[in-house]
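Open the structure in your viewer and keep the selection tool at hand. The stops below say what to select next and what is there.

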Amino acid sequence: MLTLDKVFDAQKVLKGIVRETQCVKATGIAPNCELWLKPENLQNTGSFKLRGSGYKIATLSDEEKAKGVIACSAGNHAQGVALAAQKAGIKAVICLPDSAPISKVEATKSYGAEVVLVDGVYDDAYAKALELRDSEGYTFVHPFDDEMVIAGQGTVALEILHDLDDIDAVIVPIGGGGLISGIAYAIKSIRPSIKVYGVQAAGAPSMFNSINDGKIERLDKVSTIADGIAVKQPGDNTFKYVSDYVDEVATVTEDEICSAILALIEKQKMIAEGAGAVAVAAAMFNKFPVEGKKVVAVVSGGNIDVNILSRIIKRGLMKSGRVSNLLIELIDKPGQLKDVSRIIADHGGNVTSVHHERAGDTESINGCYLRIAMETRDYAHVEEIKQALISEGLKVVESN
């Protein structure tokens, strides 16, 4: 059984394993509330996962430690188990799908774990981990549905309450539900007046659907850039804790996640992975009734693949109106491009690319299309430029 004593014990046990990540005030991200960040992206291994796995491993018996531990993960849990096992001086075996990014495989190995690459996907790697557990006697460290793991994650709440004793709400990412189970249980046990809100990616709403329908449900597929919370089915324990202690669960879109990642980079100089940014996205896009409230968003991890970071930033810029595109229909004659450029420049826009198309279904036989990409301040700025073009007799066919 999960108890508050276990959460406090976990805090004591984890002293030499995890870093206490101090809450940081965030300005200019969510103007409707007083937003603070719990930066678990700055945690050792770059994620909160070390807390749960660290406590689970620390509380094993001597016999269990002698045999070692096994886990299955393509991301943060793998690294958390590997480092926790290294600090405990015991063997760790991590089963990964052979499609896992090389960077994550090498990061897991760097913490001293033995990596077993399994043909197929996560489910195949999970089956292999259970097979090795049974044949070799390893202890399986579940990524979320284990009460010792949940107690370890609950230490996040203790640190929040130590830093800020007058908060109104905490917003937490949800994948399988281990993090929010620990946080919600601890907060509601100590300060039941504080609201606890959970956030999932709209492309992986397993807990959201399950809570709304009152029963555990499994998704056929998941699709989201927030791969750290792309979980098809909640755990039995986590579903119960979320049902009992979490006030509301909502979802955020891919565009909203990208916008939150971009906002954290620009406003806080902080890198978050997709899963780590969903709580901030929920605050930014008013998913919960927190207007005028003092709110903590848990930034759960920062292990983002740098190969896709530029694409995410671009998408975030488009979502916030910082990058925009115009399609303008013109008469094909000298000086037209000069006029368009002048109008945009006069209103503070910066043209980044121009594409001229003569072929097309224009009203005039001498017509053409001009595709303009530009940097702008926000959607209001885009509209200002669009209206300026129209007022000078130009036909704006499309804007986005």
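Begin with strands S3 and S4, which are joined by four bridges and run in the parallel sense. Two strands count as paired if DSSP finds at least two bridges between them. Strands here are DSSP runs of E with at least two residues, helices are runs of H or I with at least four, and both are numbered from the N terminus.

Before going on, note that this is a predicted model, in which local features need pLDDT of at least 70 and side-chain atom pairs count only at pLDDT 80 or more, while totals for chains, interfaces and linings use all residues. Residues are numbered from 1 along each chain as its sequence is written, and side-chain values use heavy atoms, with hydrogens and water left out.

**The sheet**

Select S5, S4, S3 and S6. In that order they make an open sheet of four strands with parallel pairing. Strand S5 (114–118) and strand S6 (139–140) are at the edges; each has a single partner strand, so one side of each has no neighbour in the sheet.

Now select S3, residues 69–72, whose parallel pairing with S6 takes two bridges. Ile70 has Val93 as its bridge partner in S4, and Phe140 in S6 stands opposite Ile70. For Val69, the bridge partner in S6 is Thr139.

Are the residues on the two faces of S3 buried or exposed? Val69 and Ala71 on one side, and Ile70 and Cys72 on the other, are all buried, so both faces are covered. Buried means under 20% relative accessible area, exposed means over 50%, and partly exposed is in between (1.4 Å probe, protein chains only).

**Helix H6**

Select residues 122–136. This is helix H6, which lies across S3, strand S4 (92–97), S5 and S6, at about 165 degrees to S3. Such angles run from 0 to 180 degrees between N-to-C directions, with axes fitted to C-alpha atoms, for helices over the stretch in contact; contact means heavy atoms within 4.5 Å.

Within the helix, pick Lys128 and Glu131, which form a salt bridge with closest N and O atoms 3.4 Å apart. A salt bridge is a side-chain nitrogen of Lys or Arg within 4 Å of a carboxyl oxygen of Asp or Glu. Lys128 and Glu131 are three residues apart in helix H6, about one helical turn. Lys128 is partly exposed at 27% relative accessible area, and Glu131 is partly exposed at 47%.

**Salt bridges between helices**

The structure holds 21 salt bridges. Select Glu159 and Arg51, whose side chains form one at 3.0 Å, N to O. Glu159 is in helix H8 (residues 155–163) and Arg51 in helix H2 (residues 49–58), so the pair ties together parts 108 residues apart in sequence. Both residues are buried.

Next, select Asp255 and Arg315, a salt bridge with its closest N and O atoms 2.6 Å apart. Asp255 belongs to helix H12 (residues 254–268) and Arg315 to helix H14 (residues 306–319), so this pair ties together parts 60 residues apart in sequence. Asp255 is partly exposed at 30% relative accessibility, as is Arg315 at 39%. Then add Lys38 and Glu40 to Arg51 and Glu159: salt bridges with shared partners join these four into one network.

**A surface patch**

Finish with Leu337, Val351 and Val354, a nonpolar surface patch with about 210 Å² of accessible area together. Patches consist of residues with over 30% relative accessible area and no salt bridge; like charges are joined within 9 Å, and nonpolar side chains (Val, Leu, Ile, Met, Phe, Trp, Tyr) within 5 Å. Accessible areas come from the Shrake-Rupley method with a 1.4 Å probe, and for residues only the protein chains shown count as cover. Val354 lies in strand S12 (residues 350–357) and is partly exposed at 42% relative accessibility.
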